[in-house]
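Please look through the model below, which is a predicted one. The paragraphs that follow begin with a single residue and then turn to the strands and their pairing.

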Amino acid sequence: MTLTVPAPGTVIRYSYLWEREARTGQEEGLKDRPCAVALAVEQPDGDTYVLVVPITHTPPSDPRTAIELPARVKQRLGLDDERSWIICNEANRFLWPGPDLRPVSDAKGNRQLAYGSLPPRLFDAAKERLIDFIKEKQFSSVKRSE
């Protein structure tokens with residue numbers, strides 16, 4: 001399994017720590033989940049920091065905070081058939097690859113680093129919504145262990 005830095009839009013499996021959980025003092029995510037890489041920034045020292053947004057089955061309380069994943073995209077990524085949303089108003093940031101990254105098994109049982117990538121139009125829509133939340137100062141991110 002190669003640990004190359006994923007491109008924005010890549011969907012990885014990650015132990016995501018929700019901002020509300022971090023506020024209560026939790027340091028570990030309660031569940032491994034698909035997350036979309038929103039940003040990957042290489043530092044001058046060669047380290048790369050990654051920002052990921054979670055994908056969840058829970059419908060958003062405010063529809064503006066999320067974008068629903070189309071069923072055909074979920075199928076192509078090898079995810080389940082339940083409805084899911086990309087949450088755009090919070091993220092985790094960490095030094096790649098980080099201890100909370102989890103391998104993904106494909107249909108043949110091969111372990112890989114990612115489910116695949118979001119279609120460009122869907123990723124662009126999620127990215128634009130994320131940028132809007134940052135501009136409105138309604139975005140939160142949780143720095144994870146390195």
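Serine 15 is buried, because its relative accessible area is 2%, which falls under the 20% that sets the limit for this class. The residue belongs to strand β1, a run that covers residues 10-16. Leaving aside residues up to four places away in sequence, serine 15 touches Gly29, Lys31, Asp32, Asn92, Asp100, Arg102 and Arg144. One of these contacts, Lys31, falls within strand β2, which spans residues 31-42, and another, Asn92, falls within strand β6, made up of residues 90-95.

From here the reader may turn to strand β3, which takes in residues 48-56 and is mostly covered, with 8 of its 9 residues buried. Strand β3 pairs with β2 in the antiparallel sense, and 7 bridges link the two; within this pairing, alanine 36 stands opposite valine 53 of β3. The two strands form a hairpin in which 5 residues lie between them, and glycine 46, in the turn, has a positive phi of about 100°.

Strand β3 has further partners to consider. With strand β6 it runs antiparallel, joined by 4 bridges, and here valine 50 stands opposite phenylalanine 94 in β6. With strand β5, which comprises residues 85-87, β3 also pairs in the antiparallel sense, in this case over 2 bridges, and the bridge partner of threonine 56 is tryptophan 85 in β5. Taken together, the pairings described here link β3 to β2, to β6 and to β5.

Key:
Residues numbered from 1 in each chain as written. Predicted model: local features only at pLDDT ≥ 70, side-chain atom pairs only at ≥ 80, totals over all residues. Heavy atoms only, no water. Buried < 20%, exposed > 50% of the residue type's maximum accessible area, 1.4 Å probe, protein only. Contact = heavy atoms within 4.5 Å. Pairing = 2+ DSSP bridges.
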